[in-house]
Amino acid sequence: MWNDKDPVVVSGMGSVSVFGTDYNKLWDHLIEESNAKNTSPLSNDFLDLPVIETIRVNDWNPEDLIGKRGLKYLSLSTQYLLSAAVRCWQDAGLGDLHPVSESGSLDLGIVVASNLSGLQAMSNYDYITVTEGPQFVSPMQAPNTLDNAPAAQLAIRTNARAFNTTIATGQCAGLDAIAYAVSAIDSGRAKQVLVGGVEEINERVLWIYHDSSVLPKEHSDRAGKPFSSDSTGWIPGEGASVLMLEKLSHCLERGGTPLGKIASYSNTFAINEDSRIHAMERAVGQVFKQASIDFSETSGIITGASGFYPQDTVEMKAINHLFSSVNPEIPISSLKGAIGETYGASGVFQAAAGLMAFNKGILPKSMALSDLNDHAQEKIPVDLAPNHLKKTKRQSIVVTSQDLSGITNCLMLESV
């Protein structure tokens, strides 16, 4: 699929999450034995919805990372993305985030996964226009009504001119964005790409989730339990994760450190549950075929399981069918019990966790497939704990994702 002689690697990571802006702190929380959730209630009086438990960003100050100038005109999503990009830029060994050159860089591209970034601003903008008149709308808020505002602001900050793309394919957007970036680098459109995923929690976003019937209607204390048939739905999460992608040769030439390579990617689509199971199986099978890795040789799987059982069971049935007879002790992980369902950003968070797992030798919030199948038969919460990666000749981690619309995708990460 891609050039394996000089593969695209990840050379830097940054995040803004419920655990702050330090990826090491995020990792420490992900490998905790405790399954306690950092939830906080959010009321929704404007849309007359019940109070909803969410996992929101705290313990951060955007001024420390992106400065005070113009901050009040940036949406929360943009603040998250820019702050995560600063951390990523530093982690890649490039110093402080600033324009690459005054004239701009044709070697740097931007691709951001985000579905609902402009929803709150758009709703407020239209509401004021209708109820008070267009003369009362602030022109400074107009850019924030666009879903690509975070990506545009990041491109402005870095003066990136290779391309600037926003991908909005629901829960699959994060992995789609990574694949888009790899293809762009492999075809010579850019030498480096900042790949981000960002979503925020607000009243309008919660209305979308509520209308999609993924939030708990009762027993909210049992929500957000990946893989568990006892779970009652999503716990919405927010934040941003950013990765720096570039060719291995370019990374080494500039003195960077490759954290892992993007080995292969696949995307499928199906409508009903039975066909979605087969679609997931095809997606996973294709990334193994493209990467020339056997099912028995992979080290772990990071799934998109979120606690919404109709979705979770699709992934579990597909994974069980593919791996139970050839790799029954493979650890299966889900991050969403800890950081919430971050929607478009989730795939980038998942990929970053996979890369950190290579360096730590541990897969966070996971269970062996054989144990997970035993628990899945019972209507009890499943407690996830860190598990050692399976030792194989080629260390590889599979990342899976699926959207409510029927899109399914899969990404293979490999150590370098």
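**A colleague's notes on this predicted model**

1. Let's start with helix α12, residues 346–360. Its 15 residues should span 21 Å at 1.5 Å a residue, and the end C-alpha atoms do lie 21 Å apart, so expectation and model agree. Please keep in mind throughout that this is a predicted model. The helix is mostly covered, with 13 of its 15 residues buried. Right after α12 comes glycine 361, which has a positive phi near 75 degrees.

2. Helix α4 can be checked in the same manner. It covers residues 119–131, and its 13 residues reach 18 Å from the first C-alpha to the last, close to the 18 Å expected at 1.5 Å a residue. A glycine with positive phi follows here too: glycine 133, near 115 degrees.

3. Next, have a look at strand β1, residues 8–16. The strand is mostly covered: nine of its nine residues are buried. Eight bridges join β1 to strand β7 (residues 239–247), and the two run antiparallel. Within that pairing, glycine 12 stands opposite methionine 244 of β7. β1 also runs antiparallel to strand β8 (residues 260–269), to which two bridges join it. Here valine 10 has glycine 260 in β8 as its bridge partner.

4. Now for the aromatic rings. A search of the whole structure finds eight aromatic pairs. One of them is phenylalanine 163 with tyrosine 180: the ring centres are 5.8 Å apart and the planes stand at 75 degrees, so the pair is edge-to-face. Phenylalanine 163 belongs to strand β5 (residues 163–167) and tyrosine 180 to helix α6 (residues 173–186), so the pair ties together parts 17 residues apart in sequence. Phenylalanine 163 is buried, at 8% relative accessible area, whereas tyrosine 180 is partly exposed, at 28%.

5. Phenylalanine 163 has another neighbour to point out. The charged end of arginine 189 sits over the ring of phenylalanine 163, at 4.6 Å from the ring centre. If you have the structure open, you can view this residue together with the ring of tyrosine 180, its edge-to-face partner.

6. How is the ring pair of phenylalanine 288 and phenylalanine 295 arranged? Pairs with planes over 60 degrees apart count as edge-to-face and those under 30 degrees as stacked, with the rest tilted. The planes of these two rings are at 45 degrees and their centres 4.6 Å apart, so this pair is tilted. Phenylalanine 288 is buried, with a relative accessible area of 2%, while phenylalanine 295 is partly exposed, with 23%. Elsewhere, ring pairs link Tyr209, Trp234 and Tyr343 into a cluster.

7. Two residues deserve a look at their backbone angles. Phenylalanine 227 is not a glycine, yet its phi is positive, about 75 degrees. This residue is found in the loop between α7 (203–211) and β7. Is phenylalanine 227 buried or exposed? Its relative accessibility is 1%, and under 20% is the cut-off, so phenylalanine 227 counts as buried. The second residue is lysine 365, another non-glycine with positive phi, near 45 degrees. Lysine 365 is found in strand β11, residues 362–368, and is buried, with a relative accessible area of 5%.

8. On to the empty space inside the model. The structure holds one cavity of 30 Å³ or more, and the largest cavity has a volume of about 40 Å³. Its lining is made up of Tyr23, Leu26, Trp27, Leu30, Leu335, Phe349, Ala353 and Met356. Which helices each supply at least two residues of that lining? They are α1 (23–30) and α12. The largest share, four residues, comes from α1.

9. Finally, the largest pocket, which has a volume of about 260 Å³. Among the residues that line it are Met13, Gly14, Asp22, Arg87, Asp91, Asn359 and Lys360. β1, α1, α3 (76–91) and α12 each supply at least two lining residues, and α12 gives the largest share, three residues. That brings us back to the helix of the opening point: Met356 is among the residues lining the pocket, and Met356 also appears in the lining of the largest cavity. Tyr23 likewise lines the largest pocket and the largest cavity.

Methods: Residues are numbered from 1 along each chain as its sequence is written. This is a predicted model: local features need pLDDT of at least 70, side-chain atom pairs count only at pLDDT 80 or more; totals for chains, interfaces and linings use all residues. Side-chain values use heavy atoms; hydrogens and water are left out. Rings of Phe, Tyr and Trp (its six-membered ring) pair if their centres lie within 6.5 Å; planes under 30 degrees apart count as stacked, over 60 as edge-to-face and the rest as tilted. Buried means under 20% relative accessible area, exposed over 50%, partly exposed in between (1.4 Å probe, protein chains only). A charge sits over a ring if NZ of Lys or CZ of Arg is within 6 Å of the ring centre and within 35 degrees of the ring normal. The expected span of a helix is 1.5 Å times one less than its number of residues. Two strands pair if DSSP finds at least two bridges between them. On a 1 Å grid over the protein atoms alone, a cavity is a set of points where a 1.4 Å probe fits but cannot get out, and a pocket is an open set with protein on both sides within 12 Å along at least five of seven lines; lining residues have an atom within 4 Å of a point. Grid points are joined across faces, edges and corners, and a volume is the space filled by probe spheres set on the points.
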